[in-house]
Amino acid sequence: QIGALRQEVAAHEETIEILQTQMQTMQTDYSRRLLEVQRQSQQTIGKLQGEIDRIYHWLPDTPRLIKWGEYCRSLGFSDGQARDLVNMKTVRFSGELYSREHSQHFEVENSEARLMRDEKGPGGFQLFIDRIPILRWFRQKAKESLERLGIEIPEKRHQANTPKMWH
């Protein structure tokens, strides 16, 4: 019986050695694969960074236009409309636009929006709704809304037309 137990222990020790060898092989394979994935990731990151650098070099307005696209989305334009706007295309639309300045949505029907180059504008551009700079358009809509409620708003002299995203 002791001999049988010794054989069983020897078999288990042999199995343990085989499992330890297999574990070591698996760890080595895992480490090798991990290094390969990290190397590929670094190559991809380098390639993408190179593309971004070329885009910013060849199209220097890109960072500002990205901000304008995000601003247009925050107003209520769809992704497609924002893309068209930052590509300097005229967008005809109806719906609502949100003014952070007034914390209010304004209804829009059959209007036209366009982002145009404007060296005096924030980031070198200006967004127009029906050919009116966006902030002036919002102020006009807010004033009309209050007047419909019977509240008169005195005229103010010229204020900066700079969206808050540029401050």
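Where does K120 lie? In this predicted model, K120 is placed in the loop between β2 and β3, the latter spanning 125-129. The legends below describe close-up views of this residue and of several other sites.

**View 1. K120 in its loop, and its separation from R6.** The loop that holds K120 joins β2 and β3 (125-129). With a relative accessibility of 81%, K120 counts as exposed. Its partner in this view is R6; K120 and R6 are 114 residues apart in sequence. In space, the C-alpha atoms of K120 and R6 are 91 Å apart.

**View 2. M23 of helix α1, and its separation from M116.** M23 belongs to helix α1, which covers residues 2-58. The relative accessible area of M23 is 51%, so this residue is exposed. Between M23 and M116 there are 64 Å from C-alpha to C-alpha. Along the sequence, M23 and M116 are 93 residues apart.

**View 3. The crossing of helices α2 and α3.** Two packed helices are described by the angle between their axes and the distance between the axes. Helix α2 comprises residues 62-75 and helix α3 residues 79-86. Their axes come within 9 Å and cross at roughly 140°. An angle over 145 degrees would count as roughly antiparallel; α2 and α3 are therefore oblique to each other. The crossing in which α2 passes α3 is right-handed.

**View 4. The residues that join α2 to α3.** On the side of α2, the contact is made by L65, W68, G69, C72 and R73. On the side of α3, the contributing residues are D79, A82, L85 and V86. By character, the residues of this contact divide into six nonpolar, one polar and two charged.

**View 5. The aromatic pair of F106 and F138.** The count of aromatic pairs comes to four. In the pair of F106 and F138, the ring centres are 5.7 Å apart and the planes stand at 40°, so the pair is tilted. F106 is a residue of strand β2 (residues 104-117), whereas F138 is a residue of helix α4 (residues 134-148). The pair therefore ties together parts that are 32 residues apart in sequence. F106 has a relative accessibility of 5% and counts as buried. F138, at 1% relative accessibility, counts as buried.

**View 6. W137 and the aromatic cluster.** W137 forms an aromatic pair with F138. The centres of the two rings are 5.4 Å apart, the angle between the planes is 65°, and the pair is edge-to-face. W137 has a relative accessibility of 2%; because buried means under 20%, W137 counts as buried. F106, W137 and F138 form one aromatic cluster.

**View 7. M88, a residue with positive phi.** The phi angle of M88 is near 65°, a positive value in a residue other than glycine. M88 is located in the loop between α3 and β1 (91-99). At a relative accessibility of 26%, M88 counts as partly exposed.

**View 8. N110, a strand residue with positive phi.** Although N110 is not a glycine, its phi is positive, at about 45°. N110 is part of strand β2. The relative accessible area of N110 is 58%, so N110 is exposed.

Note on methods
Residues numbered from 1 in each chain as written. Predicted model: local features only at pLDDT ≥ 70, side-chain atom pairs only at ≥ 80, totals over all residues. Heavy atoms only, no water. Axes fitted to C-alpha atoms, helices over the stretch in contact; angles between N-to-C directions. Helix = DSSP H or I, 4+ residues; strand = E, 2+ residues; numbered from the N terminus. Parallel < 35°, antiparallel > 145°, perpendicular 65-115°, else oblique. Left-handed = near helix turned anticlockwise from the far one by under 90°. Contact = heavy atoms within 4.5 Å. Nonpolar A, V, L, I, M, F, W, Y, C, P; charged D, E, K, R; others polar. Phe/Tyr/Trp six-rings, centres within 6.5 Å; stacked < 30°, edge-to-face > 60°. Buried < 20%, exposed > 50% of the residue type's maximum accessible area, 1.4 Å probe, protein only.
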